[in-house]
Amino acid sequence: MTQQKQREINLRIPGPTPVPADILEAVGRPMVNHRGREFAGIIQRIAEGLKDFFLTRQDVMIVSASGTGGLESAVVNVLSPGDKVLAVSIGAFGDRFATIAETYGANVTSLPYEWGQAAKPDDIKQALAAEPDIKAVLVTHNETSTGVTNPLAEIAEVVRNGSVDRLLLVDAVSSLGAIPLDMDGWGLDVVATGSQKGWMVPPGLAFVSMSERAWQAHDRATMPRFYFDLAKHRDSQAKGQTPFTPTMSVFFGLDIALRRMAAEGLESIITRHRNIANQTRAGVKALGLELLCQDERYASDTVTAVKAPEGIDVGELRNLMEDEYNTVVAGGQAKLSGKIFRIGHLGLVAEEDIRETLAGLGEALGKLGYKAA
Ligand SMILES: *Cc1c(COP(=O)(O)O)cnc(C)c1O
């Protein structure tokens with residue numbers, strides 16, 4: 001009964017995302033021996049399957065944690081206290097990445113942008129020229145708090161340029177498996193993502209991959225690490241094990257999810273997200289609303305941030321959409337709270353879901369007295 005009702009909710013937040021029925025069923029499987037043969041097979045199958053979405057030949061470590069655990073492991077595995085780090089931030093998640101590095105004693109230089117804008121590779125180039133001893137650059141691929149996607153390939157080019165050992169650490173939590181990212185091709189050093197975003201499974205897993213350069217840095221890095229020591233995860237995984245008891249239910253789901261994603265194909269998945277993002281933006285603008293991301297070259301294909309129109313209370317709008325139109329959208333984070341709302345369109349999403357969202361949005365706005373300009 002409850003499950004039936006849950007399935008009908010049009011959950012349009014940028015994670016956790018809707019979980020298809022066959023994956024929910026897998027998640028509900030009885031426990032097995034997490035050190036047994038069957039589970040070892042699942043671990044090895046998933047670890048291989050993930051490589052096709054990271055576009056890497058490196059190991060992808062499956063860590064039982066939320067996406068932030070993936071970011072924390074990125075930092076502590078390759079850096080030492082006092083290391084100079086350039087933290088590029090275009091929103092709340094960029095700030096979080098910087099805070100993690102600061103917490104562990106990195107010497108952080110911030111390169112902040114106005115929320116709603118993308119980072120400019122030229123600025124990064126200049127910042128690196130000004131401080132050539134910067135050891136690592138932290139960047140968010142897709143900033144979920146603002147609906148902006150950074151030009152990651154170009155950023156990687158300026159970070160790589162002229163330095164053999166400078167590292168690029170990427171928060172790809174809301175982009176991987178939905179927005180193009182080529183870990184090996186672009187020379188990314190640490191890439192982290194989370195299960196509840198583009199992967200159609202519940203929260204509980206972070207996936208992290210490291211380049212050879214990053215593994216070399218791992219050997220020298222002295223930030224404290226225990227649970228998040230990725231060498232432990234890599235070595236266990238090679239034997240079909242995890243160093244600690246994993247969130248097994250999410251593994252069961254991911255096994256099915258990766259099969260579904262492989263059947264659809266990465267190119268098709270990317271195209272679907274691009275088309276649906278275009279549909280979302282066009283529909284929002286047709287209602288007379290304004291996007292937070294003014295330069296649509298950088299508008300995200302997984303989440304759209306919309307400015308709240310004058311006189312409309314975002315909380316009231318969201319409640320009305322949920323209560324009367326069965327659609328849940330997200331509010332703004334941190335300084336954008338009350339100023340924007342966000343429509344998630346990643347993972348399990350089809351055109352029909354966005355039509356329903358836009359129809360509900362238009363009607364709810366009308367009830368609240370909004371008239372398109
Ligand atoms: C969701 C998200 C995270 C991590 O969030 P968790 O709540 O820890 O899973 C980090 N970065 C981005 C860009 C995200 O969208």
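Trainee: Which side chain does the side chain of lysine 285 make a polar contact with?
Mentor: This is a predicted model, and we read it as such. Start with what lysine 285 touches beyond its sequence neighbours: Leu291 and Glu296. At 2.6 Å, its side chain makes a polar contact with the side chain of glutamate 296.

Trainee: Where is lysine 285 found?
Mentor: Follow the chain to residues 266-286. That run is a helix, and lysine 285 belongs to it. The element is helix 12.

Trainee: Is lysine 285 buried, exposed or partly exposed?
Mentor: Buried means under 20% and exposed means over 50%. The relative accessible area of lysine 285 is 41%. That value lies in between, so lysine 285 is partly exposed.

Trainee: Which residues are linked with Lys285 in a network of salt bridges?
Mentor: Glu296 has already come up as a polar partner of lysine 285. Glu296 also belongs to the salt-bridge network. Together with Lys285, the network links Arg274, Arg281, Glu296 and Asp301.

Trainee: How many salt bridges does the count come to?
Mentor: The rule needs a side-chain nitrogen of Lys or Arg within 4 Å of a carboxyl oxygen of Asp or Glu. By this rule the count is 23.

Trainee: What sequence separation does the pair of lysine 84 and aspartate 133 tie together?
Mentor: Their closest N and O atoms are 3.5 Å apart, and the two residues form a salt bridge. Lysine 84 lies in strand 3, while aspartate 133 lies in the loop between helix 6 and strand 5. So the pair ties together parts whose separation in sequence is 49 residues.

Trainee: What are the relative accessible areas of lysine 84 and aspartate 133?
Mentor: Lysine 84 counts as partly exposed, and aspartate 133 is partly exposed as well. For lysine 84 the value is 21%, and for aspartate 133 it is 44%.

Trainee: Which residue forms a salt bridge with glutamate 264?
Mentor: Glutamate 264 is partly exposed, at 33% relative accessible area. The closest N and O atoms of this pair are 2.7 Å apart. The partner is partly exposed too, at 21%. That partner is arginine 272.

Trainee: Which residue meets arginine 29 in a salt bridge?
Mentor: Arginine 29 is partly exposed, with a relative accessible area of 29%. Its partner is partly exposed at 42%. The N to O distance between the side chains is 3.0 Å, and the partner is glutamate 38.

Trainee: Turn to the ligand. Which residue's side chain has an N or O atom 2.6 Å from a nitrogen atom of the ligand?
Mentor: The shell holds 13 residues, with Ser66, Thr68, Thr144, Asp171 and Lys197 the closest. Lysine 197 has a polar side-chain atom 2.6 Å away, but from a ligand oxygen. Glycine 67 uses a polar backbone atom, 2.8 Å from a ligand oxygen. The ligand nitrogen pairs with the side chain of aspartate 171.

Trainee: How much of the ligand's accessible area does the protein cover?
Mentor: On its own, the ligand has 380 Å² of accessible area. The protein covers 88%.

Trainee: Which elements give two or more residues to the shell around the ligand?
Mentor: By type, the shell has two nonpolar, eight polar and three charged residues. The elements giving two or more are helix 4 and helix 5.

Trainee: Which residue caps the N-terminal end of helix 10?
Mentor: Helix 10 covers residues 230-237, and its buried residues are Leu230, Ala231, His233, Ser236 and Gln237. Their cover includes helix 3, strand 2 and helix 4. A side-chain oxygen of the capping residue lies 3.0 Å from the backbone nitrogen of alanine 231. The cap is aspartate 229.

Trainee: Is methionine 200 buried or exposed?
Mentor: Methionine 200 sits in the loop between strand 9 and strand 10. Its phi is positive, about 65 degrees, although it is not a glycine. Most residues other than glycine have a negative phi. With a relative accessible area of 7%, methionine 200 is buried.

Trainee: Which peptide bond is cis, with omega near -5 degrees?
Mentor: Most peptide bonds are trans. Look in the loop between strand 1 and helix 2, the place of proline 16. The cis bond runs from glycine 15 to proline 16.

Conventions
Residues are numbered from 1 along each chain as its sequence is written. This is a predicted model: local features need pLDDT of at least 70, side-chain atom pairs count only at pLDDT 80 or more; totals for chains, interfaces and linings use all residues. Side-chain values use heavy atoms; hydrogens and water are left out. Helices (H or I, at least four residues) and strands (E, at least two) are DSSP runs, numbered from the N terminus. Buried means under 20% relative accessible area, exposed over 50%, partly exposed in between (1.4 Å probe, protein chains only). Contact means heavy atoms within 4.5 Å. A polar contact is a pair of N or O atoms within 3.5 Å; within protein, one must be able to donate a hydrogen and the other to accept it, and residues adjacent in sequence count only if both atoms are side-chain atoms. A residue is near a molecule or strand if one of its heavy atoms lies within 4 Å of it. Accessible areas come from the Shrake-Rupley method with a 1.4 Å probe; for residues, only the protein chains shown count as cover. Ala, Val, Leu, Ile, Met, Phe, Trp, Tyr, Cys and Pro count as nonpolar, Asp, Glu, Lys and Arg as charged, and the others, Gly among them, as polar. Lists of a residue's contacts leave out its neighbours within four places in sequence.
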